[in-house]
Amino acid sequence: IASRALVAVGVGLALGWTAVNATPWSVSPVLSTATAQVSTAPPPPATAEPPVALTALPDDPVLFACPVRGPFGVREKYFSQFYEDYVLSYVFKDVARGTYVDVGASDPDIGSVTKYFYLKGWRGVNVEPNPEHVASLQKARPEDANVGVGASDAPATLQFYRFETRATGLSTFDRDIALRHQAAGFRFDELSIPVTTLNDVLQKSGKVDGGFSFINVDVEGFE
């Protein structure tokens with residue numbers, strides 16, 4: 001499914017986000033220069049058009065500021081772990097009813113990248129293999145398409161390593177990653193979970209026929 005989409009992965013990498021406060025960014029234009037080369041070619045004919053002059057960029061930096069960041073938590077304005085919804089709220093501040101895709105959606109409230117947008121009237125597709133989280137999503141997001149599968153490159157049934165509640169965000173289809181977390185003291189159980197392609201999920205969802213605004217992918221090493 002083709003879509004003009006912004007991908008939000010990790011700490012707002014798609015946006016180059018580096019600040020942790022509301023200080024305006026300053027983007028200074030940079031002109032690249034090349035070393036002049038001596039040419040032995042004959043001069044152009046007198047009738048040739050003169051070369052096009054370069055137009056200098058303005059000296060003043062381009063400034064913009066994000067809205068003041070609110071405190072995180074399930075009762076506050078922003079909910080995601082690493083500023084994603086805060087940054088995206090600025091990017092899509094003029095979009096009243098967008099569409100999101102959240103792969104590895106996890107809990108519908110705690111640490112959610114998309115809850116802010118659901119409360120704003122957006123709707124979308126949540127892909128989540130953990131049955132407990134799928135049940136929570138169905139209850140909290142009845143107007144979303146909540147799909148209880150994993151995303152992979154082909155339909156199959158795979159082992160899903162579901163970690164205990166205190167570390168549920170570590171749950172993964174990658175056994176090596178699961179064993180490393182186990183060695184660090186976290187416990188998991190194993191579930192057989194169906195997986196399919198993301199295209200298949202989106203085509204069947206009925207939510208993205210017109211494309212989507214952004215996609216968030218958080219699948220613990222199974223990208």
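## Loops, a small sheet and two pockets

Serine 106 sits in the loop that connects strand E4 to helix H2 (115-119). Helices (H or I, at least four residues) and strands (E, at least two) are DSSP runs, numbered from the N terminus. Please keep in mind that this is a predicted model, in which local features need pLDDT of at least 70, side-chain atom pairs count only at pLDDT 80 or more, and totals for chains, interfaces and linings use all residues. Residues are numbered from 1 along each chain as its sequence is written, and side-chain values use heavy atoms, with hydrogens and water left out.

Let's start with the whole protein. Its secondary structure comes to five helices and ten strands. Of its 223 residues, 37% are buried, where buried means under 20% relative accessible area, exposed over 50%, and partly exposed in between (1.4 Å probe, protein chains only).

Now back to the loops. Most residues other than glycine have a negative phi. Serine 106 is not a glycine, yet its phi is positive, at about 60 degrees. Tyrosine 83 is not a glycine either and has a positive phi of about 75 degrees; this tyrosine belongs to the loop between strand E3 (62-64) and H1. A third loop residue, valine 208, lies between helix H5 (198-205) and E10. The table shows how accessible these residues are.

| Residue | Relative accessible area | Class |
|---|---|---|
| Tyrosine 83 | 13% | buried |
| Serine 106 | 22% | partly exposed |
| Valine 208 | 2% | buried |

Valine 208 also has a distant partner in sequence: valine 125 is 83 residues away along the chain, while the two C-alpha atoms are 8.1 Å apart in space.

Why is helix H1 (residues 84-91) largely enclosed by the rest of the structure? Six of its eight residues are buried, namely Glu84, Asp85, Tyr86, Val87, Leu88 and Ser89.

Next comes a sheet. Strands of a sheet pair through backbone hydrogen bonds, either parallel or antiparallel. Here an open sheet of three strands has the order E7-E9-E8, with mixed pairing. E7 and strand E8 (156-163) are at the edges with a single partner strand each, so one side of each has no neighbour in the sheet. Two strands pair if DSSP finds at least two bridges between them; E8 and strand E9 (residues 188-196) run antiparallel and are joined by eight. Across this pairing, tyrosine 161 stands opposite glutamate 190 in E9. Helix H4 (residues 175-183) lies across E8 and E9, at about 15 degrees to E8. Such angles run from 0 to 180 degrees between N-to-C directions, with axes fitted to C-alpha atoms, for helices over the stretch in contact (heavy atoms within 4.5 Å).

Finally, the pockets. On a 1 Å grid over the protein atoms alone, a pocket is an open set of points where a 1.4 Å probe fits, with protein on both sides within 12 Å along at least five of seven lines; lining residues have an atom within 4 Å of a point. A volume is the space filled by probe spheres set on the points.

The largest pocket has a volume of about 740 Å³. Of its 36 lining residues, Gly104, Ser106, Gly169, Asp218 and Glu220 are the closest to its centre, so here serine 106 turns up again. The second largest pocket has a volume of about 190 Å³, and its lining residues include Val103, Leu198 and Phe222.
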